[in-house]
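Subject: Structure handover

Hi,

Here is the structure I said I'd pass on. Have a look at it first, and my notes on what turned up follow underneath.

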Amino acid sequence: MLDKINTLKAEIEALTASTPAEVEALRIKYLSKKGEVALLFNDFRTVSADQKRAIGQALNELKTLATDRINALREQCESGSSTAQGLDLTRTAAPWRLGTRHPLSLVREEIIDIFRRLGFTVAEGPEIEDDWHVFSALNFAPDHPARDMQDTFFIKREPDVLLRTHTSSVQTRVMEHAQPPIRIICPGRVYRNEAISARAHCFFHQVEALYVDKNVTFSDLRQTLLYFAQEMFGPETQIRLRPSYFPFTEPSAEMDISCDLCGGKGCNFCKHTGWVEILGCGMVDPNVLEACGIDSKEYTGFALGMGIERITNLKYRVSDLRLFSENDVRFLEEFTSAH
Ligand code: DAH
């Protein structure tokens, strides 16, 4: 009988299980009423009186060992830390932490969506450009200050290779290769030689729109601008156009929208004017059409360009431009709900 007890002890010490169901099967095998341990207790009746003490003690030890061992196996399985095949495939998975979209991407997509509803399609161009596409074809005079090293990053001189300073260069590229009707929206990154501060950065993002066809007029431009502003900033939004100057448009204008913080009454944000500036626009200068091989007697067009950072600031009140390029997740996670 002692031999039997010792064999069973060794067996129980070596037990393994990887699921709660396996543990339960072991419990039934060893500890139930008809289990191995109980059977030995039944045999105890036949043990001679002089052995009763030693065998009784061994039996009790066996029962404790079996109970402890099976409890330990159960705990292991339930806490999932079992090293014996250790995986419980029935456990609920921990949720994935999803990333968030960058606020500039959110706003870029929203702008594109609005123009798409008006029939504009996306066009893109290179960030590394030449003088012709960024300046000359866009009617910049040879001595225009933007051509200065202080404003533009030059990679190479003669022939000039430079980083584009505005997305208007995409206008040139598209008009060179396509005849009207042209209706494009061009999002992209641009570069200027500026000291980095809360209000300026050496790279930022723009969206350009261009519409060239027969009989395109300034009122088409105005209506497009009003539609854009109200879709972007809400149906109450008012716009106003102020005369301005750009080499590539004539006439040129800057567009303001009514300040949505104070509803146009005047506050610190709009410098007490009730208006905030958001973009530049105008009728494409005939010189630009001709430079790109489009007959300016037959066709007219309008163009507009805006900074995505500026629109994002207005929508989400991000006051420091540097936050957009620092990849601080605490900042980026604030836009989780804006998807
Ligand atoms: N390219 C101008 C800039 O970078 C923005 C701009 C103004 C674009 C007027 C246009 C426009 O298409 O018509 O500041």
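Let me start with a helix pair. Helix 3 (residues 36–43) packs against helix 4 (residues 49–79) at an angle of about 170 degrees, and their axes are 10 Å apart. With angles over 145 degrees counted as roughly antiparallel, that makes helix 3 roughly antiparallel to helix 4. On the helix 3 side the contact is made by Val37, Leu40 and Phe41, while helix 4 brings Leu59, Asn60, Leu62, Lys63 and Ala66. By class, the residues of this contact between helix 3 and helix 4 split into 6 nonpolar, 1 polar and 1 charged. Please keep in mind that this is a predicted model, here and in everything below.

Next, the sheets. One is an open sheet of 7 strands in the order 1-5-6-10-9-8-7, and its pairing is mixed. Strand 1 (121–122) and strand 7 (239–246) are at the edges with a single partner strand each, so one side of each has no neighbour in the sheet. Further in, strand 6 and strand 10 (residues 300–307) pair in the antiparallel sense over 8 bridges. If you want a spot to check that register, Gln206 stands opposite Gly307 in strand 10.

Two helices lie across this set of strands. Helix 5 lies across strand 1, strand 5, strand 6 and strand 10, and runs at about 165 degrees to strand 5. Helix 8 (residues 218–233) lies across strand 7, strand 8 (249–258), strand 9 (275–284) and strand 10, running at about 150 degrees to strand 9.

There is also an open sheet of 3 strands, ordered 2-4-3, with antiparallel pairing. Here strand 2 (128–130) and strand 3 (154–156) stand at the edges; each has a single partner strand, so one side of each is left without a neighbour in the sheet. On average, neighbouring strands of this sheet are turned by 40 degrees against each other, direction ignored. Strand 2 pairs with strand 4 (residues 161–163) in the antiparallel sense over 3 bridges, and Asp130 stands opposite Val161 in strand 4. In the loop between strand 3 and strand 4 you'll find Glu158, which has a positive phi of about 50 degrees although it is not a glycine.

Back to helix 5, which also packs against helix 10. The angle between helix 5 and helix 10 is about 100 degrees, with their axes 9 Å apart. Angles of 65 to 115 degrees count as roughly perpendicular, and helix 5 and helix 10 are therefore roughly perpendicular to each other. Pro103, Leu104, Val107, Arg108, Glu110 and Ile111 in helix 5 meet Ile308, Glu309, Ile311, Thr312, Lys315 and Tyr316 in helix 10. Sorted by class, the contact of helix 5 with helix 10 comes to 7 nonpolar, 1 polar and 4 charged residues.

Now something for your pocket tools: which residues lie nearest the centre of the second largest pocket? They are Leu104, Arg189, Phe203, His205 and Glu309, out of 20 residues that line this pocket. The elements giving two or more residues to its lining are helix 5 (103–116), strand 5 (182–191), strand 6 (203–213) and helix 10 (308–316). Leu104 and Glu309 also appear in the contact of helix 5 with helix 10. The lining of the second largest pocket divides into 7 nonpolar, 7 polar and 6 charged residues, and about 280 Å³ of space lies in this pocket.

Last, a backbone point before you set anything up: there are cis peptide bonds to look at. One runs from Pro180 to Pro181, with omega near 5 degrees, and Pro181 is in the loop between helix 7 (168–177) and strand 5. Another cis bond runs from Glu250 to Pro251, with omega near -5 degrees. Pro251 lies in strand 8.

Cheers

Notes
Residues numbered from 1 in each chain as written. Predicted model: local features only at pLDDT ≥ 70, side-chain atom pairs only at ≥ 80, totals over all residues. Heavy atoms only, no water. Pairing = 2+ DSSP bridges. Helix = DSSP H or I, 4+ residues; strand = E, 2+ residues; numbered from the N terminus. Axes fitted to C-alpha atoms, helices over the stretch in contact; angles between N-to-C directions. 1 Å grid on protein atoms, 1.4 Å probe; cavity = no way out; pocket = protein on both sides within 12 Å on 5 of 7 lines; lining within 4 Å. Points joined across faces, edges and corners; volume = space filled by probe spheres on them. Nonpolar A, V, L, I, M, F, W, Y, C, P; charged D, E, K, R; others polar. Parallel < 35°, antiparallel > 145°, perpendicular 65-115°, else oblique. Contact = heavy atoms within 4.5 Å.
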